[in-house]
Amino acid sequence: MAAQPSGDYQGFIGWVLSLMDRFGEPGVGLAIFLENFIPPIPSEAILPGAGFLAYAGLMSPWGAWLWANLGSLVGAVLWYAVGAALGAERTRGIMDRLPLLKVEDFDKAERWFHRWGPWAVLLGRCVPIVRSFISIPAGITRMRVTTFLFFTLIGSAIWNGIWIGLGFGLGPTIEPVLEEWSGVLSNIVVALAVLAVLIFVVQRLRTVRRRGSA
């Protein structure tokens with residue numbers, strides 16, 4: 001199969017594929033690392049793109065998977081350190097002040113951890129939003145570091161492998177669709193992203209107003 005240059009695709013999709021193509025497997029790891037701190041960057045969109053590039057012969061699927069796991073692990077360790085250093089209330093206060101993070105997501109991860117205990121780290125790595133913040137309550141409770149690293153790595157490896165594998169396996173189906181419709185699909189992706197940001201801003205403004213009137 002002849003490799004399809006990622007730059008031949010249009011719009012946002014072409015830009016994402018070109019970015020990963022340019023930086024290779026480390027670029028996948030960097031994107032997944034950033035996902036831990038910028039939830040609007042969804043791994044469900046990044047990882048299939050890496051799998052598709054691997055299908056096109058522009059990236060090693062195993063290399064992309066290993067770098068994605070490394071990015072997940074480093075991000076998780078940093079959040080663990082934040083939780084361990086600051087505790088629950090100060091961490092909640094910091095997240096409440098950051099524009100792209102919601103304290104409700106932290107609370108959801110904390111409830112998940114208290115319900116499932118250490119297994120929440122393994123299960124939480126496969127749940128959107130929760131996967132980014134499940135490390136914080138693990139750090140707050142000073143979960144044993146070796147257990148935390150083991151469960152984080154296993155959960156991340158499963159999640160990353162599924163999405164990269166889907167992009168690779170569906171490559172023959174995805175390629176003709178992207179060649180024909182990448183511009184239209186890019187516009188849809190951008191529109192959905194803008195809508196998500198608007199909803200987030202509205203929710204934040206309502207929260208601020210409620211607190212101001214309390």
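At which residues does UniProt place the feature "transmembrane region"? The record, an unreviewed entry, gives residues 64-88, 148-169 and 181-202. The structure examined here is a predicted model, and two of these spans can be followed directly in its coordinates. Residues 64-88 are 100% helix and 0% strand, and their end C-alpha atoms lie 34 Å apart. For residues 148-169, the end C-alpha atoms are separated by 31 Å, again with 100% helix and 0% strand.

A look at the whole chain helps to place these spans. The protein contains 10 helices and 0 strands, and reading along the sequence gives the pattern α-α-α-α-α-α-α-α-α-α. Of its 214 residues, 43% count as buried. The accessible surface comes to about 11300 Å², and carbon and sulfur atoms make up 71% of that area. Among contacts with a separation of 6 or more, 75% join residues that are 24 or more positions apart.

Helix 9, which covers residues 145-169, is a good place for a newcomer to begin. Val 145 belongs to this helix and is partly exposed, because its relative accessible area is 45%, between the limits of 20% and 50%. The C-alpha atom of Val 145 is 9.2 Å from that of Val 77, although these positions lie 68 residues apart along the chain. Ser 156 is also in helix 9. With a relative accessible area of 1%, Ser 156 is buried, since this value is under 20%. Beyond its neighbours within four places in sequence, Ser 156 is in contact with Asn 69, Ser 72, Arg 125 and Gly 161.

Helix 9 also holds Phe 150, whose relative accessible area of 52% makes this residue exposed. Phe 150 takes part in a nonpolar surface patch of about 530 Å². The other members of the patch are Ile 154, Ile 158, Ile 162, Leu 166 and Leu 170. Phe 150 has a second role in the picture, as it forms one aromatic cluster together with Trp 119 and Phe 151.

Aromatic rings deserve a closer look. A pair of aromatic rings is described by the distance of the centres and the angle of the planes. In this protein the count comes to 7 aromatic pairs. In one of them, the rings of Trp 62 and Trp 65 have centres 5.7 Å apart and planes at 80°, so the pair is edge-to-face. Both residues lie in helix 4 (residues 61-97), 3 residues apart, or about one turn of the helix. Trp 62 is exposed, with a relative accessible area of 62%, whereas Trp 65 is partly exposed at 24%.

Trp 119 and Phe 151 make up a tilted pair, with 4.9 Å from centre to centre and 35° between the planes. Trp 119 sits in helix 6 (residues 119-124) and Phe 151 in helix 9, so this pair ties together parts that are 32 residues apart in sequence. Are Trp 119 and Phe 151 buried or exposed? Trp 119 counts as exposed at 52% relative accessibility, while Phe 151 is buried, with a relative accessible area of 9%.

Notes
Residues are numbered from 1 along each chain as its sequence is written. This is a predicted model: local features need pLDDT of at least 70, side-chain atom pairs count only at pLDDT 80 or more; totals for chains, interfaces and linings use all residues. Side-chain values use heavy atoms; hydrogens and water are left out. Patches are made of residues with over 30% relative accessible area and no salt bridge: like charges are joined within 9 Å, nonpolar side chains (Val, Leu, Ile, Met, Phe, Trp, Tyr) within 5 Å. Accessible areas come from the Shrake-Rupley method with a 1.4 Å probe; for residues, only the protein chains shown count as cover. A salt bridge is a side-chain nitrogen of Lys or Arg within 4 Å of a carboxyl oxygen of Asp or Glu. Helices (H or I, at least four residues) and strands (E, at least two) are DSSP runs, numbered from the N terminus. Buried means under 20% relative accessible area, exposed over 50%, partly exposed in between (1.4 Å probe, protein chains only). Rings of Phe, Tyr and Trp (its six-membered ring) pair if their centres lie within 6.5 Å; planes under 30 degrees apart count as stacked, over 60 as edge-to-face and the rest as tilted. UniProt positions are given in the numbering used here, feature names are shortened, and annotations may be inferred rather than shown by experiment. Contact means heavy atoms within 4.5 Å.
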